[in-house]
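Hi,

Here is the structure I said I would pass on. Have a look at it first, and my notes on what turned up follow below.

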Amino acid sequence: MDLDALHHANFNLLDEAVTDWSTLVKHLEQLKKDAENELHQAANKADWAGVNATVTKEFIGKTADEFSDAHTQAKTIHSIIRDTRNELKGYHQQLVDAIEGGRKKKLTVIAYEGGFTVTTNVPPEGRAQEDQDNKGDITALRDEIQKILDKATESDSSAKKVLQTIADQSQLGFSDANYTNRDSAEKAIKQAEDLAKLARKNPEDLTVGEFDRLNAGLKQYANDSLFAETFATTLGPQKTLEFWTGVNDPHRGNYELGQKRLDQFDDLQRNLGMTLSNATQSDSVAMTEWKRSMIDIGDKPIYGNNGGPMGFQVMSNLMRTGDYDDQFLKDYGTKLMVTERRLTGNGEHDNMAWQRMGMDPWLNRIGDDSGSDPLTGYLKGLSNSPDAATDFFNQQYVSKDDPDNPFEWDSDDEDDYKGKKELSNFQYLFEERDWPEETDAKGDDLHTGKNNLALALEAATTGHPAGEQPTMDTPAHNEGQTKLFESIVASISDDNGRLTDSSYMSDSIGQIASEYLPDIDRAATDVDPNPDKGDRDGLDAWDRVQKLYPVDGSAAEMNHRDVSRFLFAIGQNPEGYAAVEVGQKAYMAELMEYHLNPDLPQSQRPDGDLQLTVRSIARHSGEVSGTLAMGRNEAIAAPGALADDDYDHAVSQWKNVISGTVGTGVGIGTSFIASPVVGAGVGGAAGTATSVVLEQLFKDAEGSAKDEAGPKMGESWENGQDSNMKYTRSAASEAARSYHLSGDVATWAEDESSKGFLDAGSYMDRVAPELVTDI
């Protein structure tokens with residue numbers, strides 16, 4: 001900073017800017033409150049349908065978030081400008097005081113372009129001698145002024161750097177970078193630069209102390225946007241891969257770290273992954289180039305001609321934690337699958353390049369698998385990013401017109417050639433891929449890759465991260481999600497072993513099914529969802545089904561046979577069974593409340609006859625539970641397999657999952673019914689039909705798990721039928737009571753529930769005789 005610029009500084013404009021930003025912060029705070037209370041919350045309560053359910057509601061939620069980010073960014077900018085203004089005013093006063101102090105000692109400060117000089121305040125002819133006599137004072141004043149100017153320059157340049165970094169975070173919208181003062185933002189950037197320099201060192205030279213500093217710093221700042229971007233771009237893609245590989249490679253890495261800090265490698269992996277995921281959310285030019293470059297080097301050995309693992313093998317392990325940018329994940333996945341096709345001959349043979357060999361570095365420290373298969377880590381990353389996951393699984397893996405396509409349609413007749421089969425990424429990974437073998441320390445087979453596949457499918461079909469429950473902000477299903485769900489149902493129906501032979505996937509598949517119960521119940525009606533325009537009876541029947549089972553957004557279209565075979569497979573695993581059974585009981589109870597509501601508009605009623613509506617709900621719900629019960633009995637009947645207690649325990653655990661939630665915590669979506677009175681978000685409140693039914697269900701499951709509930713379901717088909725009748729009767733009775741309705745509502749529900757439960761058995765005997773042994 002020039003001396004004259006600071007000495008003669010006019011702070012009026014800067015004062016006005018600080019005031020203006022302060023006013024803007026106040027206005028944005030009010031706008032943020034209005035956006036949340038009057039837009040966002042109102043949108044969640046509204047009766048959406050069609051495109052509005054998937055587009056408008058989500059748009060409003062994102063818009064409300066933008067107001068929040070705008071407020072956050074404005075507060076940060078105001079704090080930075082305010083702090084910088086105050087500091088510069090202080091330095092200005094220090095400079096004025098220093099010059100005035102020099103004047104009293106007959107010293108003059110003369111500014112010129114690029115610097116200044118200090119001399120005595122005497123005529124030129126005597127100045128040389130005077131300067132020599134006052135050399136100490138001149139030097140002291142010069143150093144004092146230079147120190148003031150250096151501090152002012154640092155204050156000004158650091159403010160510019162921080163503000164520029166914040167501005168570059170997002171090309172569209174606003175950054176969520178939140179700092180209460182300029183110093184904290186500056187410190188975050190400085191820390192990122194320093195830690196990146198440590199990570200750029202040769203891993204062999206990294207000391208234990210430097211490892212600890214790096215690990216602690218990444219943990220502290222992983223969620224700091226400015227830190228994350230600065231760290232990632234300073235380190236760079238290539239050095240990121242070399243750092244993580246070098247730390248884990250005993251042949252290239254650091255023996256001392258392996259001996260003294262091996263137990264902390266998992267923390268470093270988590271912290272590094274969280275930092276990089278945060279960094280990818282930035283739209284800055286530098287970060288955009290980082291993402292492009294990381295994808296570009298993904299299929300290349302990280303040490304070039306000297307070998308080493310591929311970039312994808314290293315980077316995918318850092319995707320196991322954090323929420324990576326959707327577009328980055330999409331582009332990364334596209335290139336990853338191109339590489340998979342190249343290394344497997346389009347899937348014709350194993351991918352030995354991603355099979356860990358004895359000398360390969362152990363690239364994953366979170367869990368037991370080695371991390372050599374990049375799809376394992378990548379799929380875990382997708383499980384945190386629903387939109388990217390949906391896009392990935394629906395992408396084409398191989399075309400039927402590809403001359404190198406090795407997949408053909410199955411045919412029992414060798415002469416009946418049906419041609420090549422087109423596969424999506426989902427179909428390839430779920431049905432065809434030969435997953436690299438992994439074993440744990442005991443020599444037991446690991447299935448982390450396929451388990452992560454199930455988690456990614458959960459995110460891709462539900463619209464929320466795997467392992468979480470839907471909330472009021474979870475959008476209704478879109479076409480990409482329902483298309484994928486249809487593929488999952490058809491695939492498992494075609495070959496139950498795809499799920500039952502990989503039973504560890506069933507918890508995620510069960511969660512998926514529990515969030516598509518309206519679509520499943522629609523399929524169980526056997527009504528054609530696409531009747532001819534001239535078919536009046538068909539149109540009326542489908543209209544009734546749509547009103548009986550309202551669906552916001554896109555609806556999945558499946559046939560009755562596939563849905564039943566799908567549920568039968570899920571029922572053979574306790575966690576999968578519990579997710580769907582608890583969800584179906586809650587959904588059935590909420591439907592009873594919805595349709596028994598006397599204030600429900602006539603246009604939303606499926607029948608003029610209430611008895612027909614109640615019986616339909618009870619029958620289809622009974623069939624779902626009956627099909628699940630058949631799967632349960634099938635698993636229990638297998639030699640040396642599961643026990644009834646396993647199922648009862650799994651059901652009872654759902655009490656903990658939905659504790660503290662209202663209507664949205666049972667895996668059935670957030671807006672599956674659009675009641676103007678009841679609403680989708682109140683069905684789980686105390687005293688409702690849903691709460692009564694679930695309380696009974698959990699109480700029975702807990703008692704049965706402790707051998708206190710009498711005969712087990714798996715010991716008798718009738719026990720399952722009786723239990724289902726009891727829950728259905730309770731739901732109908734409680735709903736009728738809440739609306740002060742008289743009549744035989746509970747009896748209708750109980751009677752039809754029994755029929756539906758029994759129907760499941762006879763129907764499965766017809767459509768899946770090869771699967772069912774004996775009920």
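How exposed is Asp751, going by its relative accessible area? Asp751 is partly exposed, with a relative accessible area of 30%. Before I go further, keep in mind that this is a predicted model.

**Salt bridges**

Asp751 seemed a good place to start. Its partner in a salt bridge is Lys755, with 3.4 Å between the closest N and O atoms. The two residues sit four apart in helix H30 (residues 745-767), which is about one turn of the helix. Lys755 is also partly exposed, at 36% relative accessible area. There is a wider network of salt bridges here too: it links Asp751 and Lys755 with Arg615, Arg619, Glu752 and Asp759.

Searching the whole structure gives 42 salt bridges. Two others are worth pulling up in your viewer.

- Glu408 pairs with Lys420, and the closest N and O atoms are 4.0 Å apart. Both residues lie in the loop between strand S3 (396-398) and strand S4 (423-424), so this salt bridge ties together parts that are 12 residues apart in sequence. Glu408 is partly exposed at 38% relative accessibility, and Lys420 is partly exposed at 27%.
- Asp494 and Arg498 meet through their side chains, at 3.4 Å from N to O. Here the two ends fall into separate classes: Asp494 counts as exposed, with 55% relative accessibility, whereas Arg498 counts as buried, with 16%.

**A negative patch**

On the surface there is a patch of negative charge where Asp350, Asp434, Glu437, Asp444 and Asp445 gather. Of these I looked at Asp444, which is in the loop between helix H17 (425-432) and helix H18 (448-462). Asp444 has a relative accessible area of 43%, so it is classed as partly exposed.

**Contacts across the sequence**

Ser424 belongs to strand S4 and is buried, with a relative accessible area of 14%. Leaving out residues up to four places away in sequence, Ser424 touches Phe393, Gln395, Gln396 and Tyr397.

Arg270 is in helix H11 (residues 265-280) and counts as partly exposed, at 32% relative accessibility. With the same neighbours along the chain left out (up to four places away), Arg270 touches Thr321 and Ile366. What separation do the C-alpha atoms of Arg270 and Arg320 have? They are 7.6 Å apart, although the two residues are 50 residues apart along the chain.

**Positive phi values**

If you plan to go through the backbone torsions, here are two residues for your list. Asn346 has a phi near 65°, which is positive in a residue other than glycine. Asn346 is in the loop between helix H14 (326-344) and helix H15 (374-382). Asp526 is not a glycine either, and its phi is positive at about 65°. Asp526 is in the loop between helix H22 (517-524) and helix H23 (536-548).

Which of these is buried and which is exposed? Asn346 is buried, with a relative accessible area of 10%, while Asp526 is exposed, with 53%.

That's it from me for now.

Cheers

Technical notes. Residues numbered from 1 in each chain as written. Predicted model: local features only at pLDDT ≥ 70, side-chain atom pairs only at ≥ 80, totals over all residues. Heavy atoms only, no water. Patch = residues over 30% accessible without salt bridge, like charges linked within 9 Å, V, L, I, M, F, W, Y side chains within 5 Å. Areas by Shrake-Rupley, 256 points an atom, 1.4 Å probe, with all protein chains shown as cover. Lys, Arg positive; Asp, Glu negative; His and termini not counted. Charge placed at Lys NZ, Arg CZ, Asp CG, Glu CD. Buried < 20%, exposed > 50% of the residue type's maximum accessible area, 1.4 Å probe, protein only. Contact = heavy atoms within 4.5 Å.
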